[in-house]
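Trainee: Before we set anything up with this model, I would like to go through its geometry in questions and answers. Please keep to what can be computed from the atoms.

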Amino acid sequence: MGKKIIFSILLLLSFGFSAKAQEYLDSIKSQSTQMVNAFSKGDYGKLLEFTHPSIIKIMGGKETATKLLDTALHQLKESGIAVEEAKVGDIIQSLKSNDTIQCMLPQYLKMKMGDKFYSSKNYLFGISYNNGKRWYFIDTNGGTEESIRKMIPEISKEIVFLEAEKSFN
C-alpha cells in the first residue's frame, strides 16, 4: 500500500513538472513568434518589447532604438529588400538557474533582393527573469559570442552559440 502512495505522489509531481515545462515552451514559442512577426511587419515598438534591456540601453534608449530601426527599415525598402518570411523553430537548448531560464532557438529568415532571395537560419538567445512569463531575445548573429556575453553577462557558460547558415538563390 505504501509503495502505491509513493508511486502516485511521484506520478503527480512528474505531471506537475511536465505541465510547467510545457508552459515555458509555449511561452517561449508564443513570445518569440510575436517578436519575429513584429520584425517582418516593421512594428519596432513591439519588437523592442522583446529586446533585452541591455541592448536597448546600448542603442541609446527605446526612442533612439525605434528611430534607428525605422531608419534601417527605410534603407532596406529603398534598396529593394523585403522580408518574405520570418519564423522561429523549436527550442534546441534550454536551462534553468536560480534567477533565469535561458534558451536557444533557430530563427528562419527569407528576404527578397530584386530577383534573388537571401535565406538564413540564425539563432535567438532567449532569457526570462520571471520564471518564463516574460522573455527577451537577442539574435546571436548580431555580434560575436564574446560581445553578446559581455552585454548580457548572466548568459550561462552552458549555453552553446551556433553559427548561422546563409544562402543566396
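The exchange below goes from the overall layout to the core, the pockets and a few single residues.

Trainee: What kind of model is this, and in what order do the elements of the protein run from the N terminus on?

Mentor: The model is predicted. The protein has five helices and six strands. Read from the N terminus, the order of the elements is α-α-α-α-β-β-β-β-β-α-β.

Trainee: What percentage of the contacts between residues at least 6 apart in sequence join residues at least 24 apart?

Mentor: One such contact pair involves helix α1, where S27 lies. S27 touches G132, and these two are 105 residues apart in sequence. Among contacts between residues at least 6 apart, the share that joins residues at least 24 apart is 56%.

Trainee: How much of the exposed area is supplied by carbon and sulfur atoms?

Mentor: Of the 169 residues, 34% count as buried. The protein exposes about 10500 Å². The part of that area supplied by carbon and sulfur atoms is 57%.

Trainee: Which element supplies the largest share of the largest nonpolar core?

Mentor: The core has 24 residues, and those touching the most other members are I28, M35, L47, L105, W135 and F137. At least two residues each come from α1 (2–41), α2 (44–49), α4 (62–78), β1 (81–88), β3 (101–113) and β4 (116–128). The largest share, five residues, comes from β3.

Trainee: Which residues does I28 touch, leaving out those up to four places away in sequence?

Mentor: I28 is one of the core residues that touch the most other members, and so are L105, W135 and F137. With residues up to four places away left out, I28 touches I91, C103, L105, W135 and F137.

Trainee: How many residues are in the other core that lies apart from it?

Mentor: The other core has among its members L95, I127, I155 and F161. Its number of residues is 13.

Trainee: Which residues lie nearest the centre of the largest pocket?

Mentor: The largest pocket holds about 680 Å³ of space. Its lining takes at least two residues each from α1, α2, α4, β3, β4, β5 (136–139) and α5 (145–151). Of the 27 lining residues, those nearest the centre are F39, L47, L69, D139 and G142.

Trainee: How many charged residues does the lining of the largest pocket have?

Mentor: The lining divides by class into 19 nonpolar and seven polar residues, with the remainder charged. The charged class has one residue.

Trainee: How much space lies in the second largest pocket?

Mentor: The residues lining this pocket include N122, Y123, T140, N141, E145, F161 and E163. By class, the lining has four nonpolar, five polar and two charged residues. The space in the second largest pocket is about 170 Å³.

Trainee: Is V36 buried or exposed?

Mentor: V36 lies in helix α1. Outside its neighbours within four places in sequence, V36 is in contact with A86, K87, V88 and Q107. Buried means under 20% relative accessible area. V36 has a relative accessible area of 1%, so V36 is buried.

Trainee: How far apart in space are the C-alpha atoms of S40 and E85?

Mentor: S40 is also placed in helix α1, and its 33% relative accessibility makes it partly exposed. S40 touches V83 and A86, with residues up to four places away not counted. S40 and E85 are 45 residues apart in sequence, and their C-alpha distance is 7.2 Å.

Trainee: What is the phi of N131?

Mentor: N131 sits in the loop between β4 and β5. N131 is partly exposed, with a relative accessible area of 41%. N131 is not a glycine, yet its phi is positive, at about 60°.

Trainee: What is the C-alpha to C-alpha distance between L68 and Y44?

Mentor: L68 is found in helix α4 and is partly exposed at a relative accessible area of 45%. L68 and Y44 are 24 residues apart in sequence, and the distance between them in space is 9.7 Å.

Conventions: Residues numbered from 1 in each chain as written. Predicted model: local features only at pLDDT ≥ 70, side-chain atom pairs only at ≥ 80, totals over all residues. Heavy atoms only, no water. Core = buried A, V, L, I, M, F, W, Y, C linked by side-chain atoms within 4.5 Å. Buried < 20%, exposed > 50% of the residue type's maximum accessible area, 1.4 Å probe, protein only. Helix = DSSP H or I, 4+ residues; strand = E, 2+ residues; numbered from the N terminus. Contact = heavy atoms within 4.5 Å. 1 Å grid on protein atoms, 1.4 Å probe; cavity = no way out; pocket = protein on both sides within 12 Å on 5 of 7 lines; lining within 4 Å. Points joined across faces, edges and corners; volume = space filled by probe spheres on them. Nonpolar A, V, L, I, M, F, W, Y, C, P; charged D, E, K, R; others polar. Areas by Shrake-Rupley, 256 points an atom, 1.4 Å probe, with all protein chains shown as cover.
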